[in-house]
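Q: Please take a close look at a single part of this model. Start with one strand, then work outward to what surrounds it.

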Amino acid sequence: MEKKKYSNLADYLDSLQGTEKELMMFFIDYMRLNHSELEEIFSFQMPTYKLGEGKIKNYIAFSAKPKHFSMHSLDFEYVSALKGKLSNPGKGKGCVNISYDNAFDKDILITAIEEIIERQNSRLNILSV
């Protein structure tokens, strides 16, 4: 069976239900409230927040699967270190997973978002000097 492709974030969010939708909306609302300066796009079927462009491109994106929620970033070094802090982080190079019922891991992702953004801003500041 072929996966449904969504052309925009609203349609994608409408397709989510229950805990998947609640957690996705929690992180989207968090990003909109705390990082409204970041461009929000819908890329690769995920809500994505752009951090830089070109050679210093990075992003934070979120995806909801039936058994887990994922956060994605091109900051592979940070994501690798983050895996040691989570209970069941998965194996992807640029993403970590959390189960829907683990509130502790959700708090770790909030901290991770802030640290990834801070690391990216530091890179941008170094390059602009």
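A: Start with strand S5, residues 95–98, in this predicted model. Its side chains point in two directions. Cys95 and Asn97 point one way. Val96 and Ile98 point the other way. All four of these residues are buried.

Now look at the strand's partner. S5 is joined to strand S4, residues 69–73, by 4 bridges. The two strands run antiparallel. One pairing is easy to find: Met71 stands opposite Val96 in S5.

Next, go to Lys83. This residue sits in the loop between helix H3 (76–82) and S5. Lys83 touches the strand too: Cys95 and Val96 are among its contacts, leaving aside neighbours within four places in sequence. The other residues on that list are Pro89, Gly90, Lys91 and Gly92.

Is Lys83 buried or exposed, and where is the nearest side chain of opposite charge? Lys83 is buried, yet has no salt bridge. The nearest side chain of opposite charge belongs to Asp105, and that is 12 Å away. A salt bridge would need the two charged groups within 4 Å. Lys83 does have a polar atom beside the backbone, though. A polar atom of its side chain lies 2.7 Å from the backbone oxygen of Gly92.

Other charged side chains do pair up. A search of the whole structure finds 5 salt bridges. Take Arg119 and Asp75, whose side chains meet at 2.7 Å, N to O. This pair links distant parts of the chain. Arg119 is in helix H4, residues 103–128. Asp75 is in the loop between S4 and H3, and the two residues are 44 apart in sequence. Their surroundings can be read from accessibility. Asp75 is buried, at 3% relative accessible area. Arg119 is partly exposed, at 26%.

Arg119 has another partner. Its side chain also meets that of Glu77 in a salt bridge, at 3.9 Å, N to O. Arg119 lies in helix H4 and Glu77 in helix H3, so the pair ties together parts that are 42 residues apart in sequence. Glu77 is exposed, with a relative accessible area of 61%. Salt bridges that share partners join Asp75, Glu77, Arg119 and Arg123 into one network.

One more pair is worth finding. Lys50 and Glu39 form a salt bridge through their side chains, at 3.5 Å, N to O. Lys50 is in strand S2, residues 46–51. Glu39 is in the loop between helix H2 (18–34) and strand S1 (40–43). The two residues are 11 apart. Lys50 is partly exposed, at 27% relative accessible area. Glu39 is partly exposed as well, at 42%.

Finally, step back to the whole chain. The protein chain has 4 helices and 5 strands. Read along the sequence, they follow the pattern α-α-β-β-β-β-α-β-α. The radius of gyration is 15 Å, close to the 14 Å that the globule rule gives for 129 residues, so the chain is as compact as a globular protein of that length. Its C-alpha atoms fill a box of roughly 50 × 35 × 30 Å, taken along the principal axes. Buried residues make up 40% of the 129. Contacts also reach along the sequence. Of those with a separation of 6 or more, 48% are between residues 24 or more positions apart.

Technical notes:
Residues are numbered from 1 along each chain as its sequence is written. This is a predicted model: local features need pLDDT of at least 70, side-chain atom pairs count only at pLDDT 80 or more; totals for chains, interfaces and linings use all residues. Side-chain values use heavy atoms; hydrogens and water are left out. Buried means under 20% relative accessible area, exposed over 50%, partly exposed in between (1.4 Å probe, protein chains only). Two strands pair if DSSP finds at least two bridges between them. Lys and Arg count as positive and Asp and Glu as negative; His and the chain ends are not counted. A polar contact is a pair of N or O atoms within 3.5 Å; within protein, one must be able to donate a hydrogen and the other to accept it, and residues adjacent in sequence count only if both atoms are side-chain atoms. Contact means heavy atoms within 4.5 Å. The radius of gyration is taken over C-alpha atoms; the globule rule is 2.2 Å times the number of residues to the power 0.38.
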